[in-house]
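Open the model in a viewer and keep a selection box at hand. The stops below say what to select and what to look for there.

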Amino acid sequence: MPTFAINQGVEMFDIEKIRKNFNSVKIYTNIDFTLIIPTRSLGRQEWLDRSLNSFYGKAMYPNLVEAIVLLDSDDPETCAATQKLVLKYEEKYDANIKMVIQKRDINLFTEKYQNYGVQCSTGKFTWALNDECEMVTQDWDEIIRKALCDFYKIKRSTVAYIAIDDDTHVKTNKWRKYGCCFPILTIAATEAINGNFPAEISNWGADSAIYSIFTNSLPDHIIDLTNQVSLIHHSSHNGRREADDIGLQVSNNSTIVTLSEGEMKMYERRLKEVVRSELEPFVFWIEKNLVTEFNKIPEVRELKPSLLQRMFYHTRKRLGLNKRKPV
């Protein structure tokens, strides 16, 4: 089975370039897409079932799609029911699904769930989703794969943000301002961000923050697939259904937070460094490995002439060449 570059004549992402640029301990496999899906309570099992069935059922190569389902240790009934779903999809689609069971932490949702799922991923692209997301587009994986290959052929960079029709911001024509609710990020982007979203934002506003980071630093690395790939978000936020207990708990524990100017600049700098390491690998390597702290001149350090400069000065002085000529 071919991996990633399936279209003839289409240049693939240089994954080895990413591995050389990062001293990462993560394991990367032949998996292309990693879906990160937190879920809780038996009442949402129907939505999780529909979600997994839609993504695997409509993928051209379901065996190259990985799903990481994050569960809470204080919810054993959901863990047991999810295990049955996992076994069903492993048999039906040869699906690669991981169950990650951990202590519940609703106050740090971005860090403890979405970004932790990124750390557990092995795919080339990570997609943070809800268990109520249902894929609509047939062969969605091939459409995204081809768009990314075409992007790399032009930009020569593996840093990208992919926007799809999220059934919320795109439907209300707000995504150009606030970003996509469920963006896809490449490995290089997640390595720079240390996740799919900035960990400083616990929940609401994280999707807009990562969009702002790309908009400010790398706007030409945003790939717009809102007219090609669509999903249905069965949520109370877009009027698809009434809010359940889990949705109400999240709403009650969430406030909209924005990044500080310093935090925003930090993430922008990280992304730009990754792109530069890909476009100018030799110069980037020299700067990172041969330009030592000794060679850097802090502002507080007094500049002193070198030995050669002092010898040159005293030689000119003995020859009487240092005297200023009258104007």
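Is Asn194, at 48% relative accessibility, buried, partly exposed or exposed? Select Asn194 in this predicted model: at that value Asn194 counts as partly exposed, because the class runs between the 20% limit for buried and the 50% limit for exposed. Asn194 sits in the loop that joins helix 7 to helix 8. Show its backbone torsions as well: phi is positive, about 65°, although Asn194 is not a glycine.

**The whole chain**

Zoom out and colour by secondary structure. The protein has twelve helices and eight strands. Colour next by accessibility: 48% of the 327 residues count as buried. A contact map adds the sequence separation. Of the contacts between residues at least 6 apart in sequence, 80% join residues at least 24 apart.

**Helix 4**

Select residues 109–120, which form helix 4. The end C-alpha atoms of helix 4 are 16 Å apart, and this agrees with the expected span because twelve residues at 1.5 Å a residue should cover 16 Å. Now show side chains for the buried residues of the helix: Phe109, Thr110, Tyr113, Gln114, Asn115, Gly117 and Val118. Turn the view to look down the axis of helix 4; its buried residues fall within an arc of 155°, so they line one face of the helix.

What do the buried residues of helix 4 pack against? Four strands are on the list: strand 1 (33–38), strand 2 (65–72), strand 3 (96–102) and strand 4 (125–128). Two helices complete the set, helix 7 (187–193) and helix 8 (206–217).

**Helix 8 and helix 10**

Keep helix 8 selected and add helix 10, residues 261–279. Two packed helices are described by the angle between their axes and the distance between the axes. Here the axes come within 9 Å and cross at roughly 60°. Helix 8 and helix 10 are therefore oblique to each other. The crossing of helix 8 past helix 10 is right-handed.

Which residues meet at this crossing? On the helix 8 side, select Ser212, Ile213, Phe214, Asn216 and Ser217. On the helix 10 side, their partners are Met264, Tyr267, Glu268, Leu271 and Lys272.

**Helix 5 and the residue after it**

Go to helix 5, residues 140–155. Helix 5 has 16 residues, and from its first C-alpha to its last it reaches 22 Å, close to the 22 Å expected at 1.5 Å a residue. Its buried residues are Trp140, Asp141, Glu142, Ile144, Arg145, Ala147, Leu148, Cys149, Phe151 and Tyr152.

Step past the end of helix 5 to Arg156, whose phi is positive, near 60°. Arg156 belongs to the loop between helix 5 and strand 6 (161–165). With 34% relative accessibility, Arg156 counts as partly exposed.

**Leu42**

For the last stop, select Leu42, in the loop between strand 1 and helix 2 (45–57). Leu42 counts as partly exposed, at 48% relative accessibility. Which residues does Leu42 touch, not counting residues up to four places away in sequence? Show Glu77, Thr78 and Ala81, the contacts of Leu42 outside that range. Then draw a distance from Leu42 to Pro76: these residues are 34 apart along the chain, and their C-alpha atoms are separated by 9.9 Å.

Conventions:
Residues are numbered from 1 along each chain as its sequence is written. This is a predicted model: local features need pLDDT of at least 70, side-chain atom pairs count only at pLDDT 80 or more; totals for chains, interfaces and linings use all residues. Side-chain values use heavy atoms; hydrogens and water are left out. The expected span of a helix is 1.5 Å times one less than its number of residues. Buried means under 20% relative accessible area, exposed over 50%, partly exposed in between (1.4 Å probe, protein chains only). The arc is that of the directions from the helix axis to the C-beta atoms. Contact means heavy atoms within 4.5 Å. Axes are lines fitted to C-alpha atoms, for helices over the stretch in contact, and angles run from 0 to 180 degrees between N-to-C directions. Angles under 35 degrees count as roughly parallel, over 145 as roughly antiparallel, 65 to 115 as roughly perpendicular and the rest as oblique. A crossing is left-handed if the near helix is turned anticlockwise from the far one by less than a right angle, and right-handed if clockwise.
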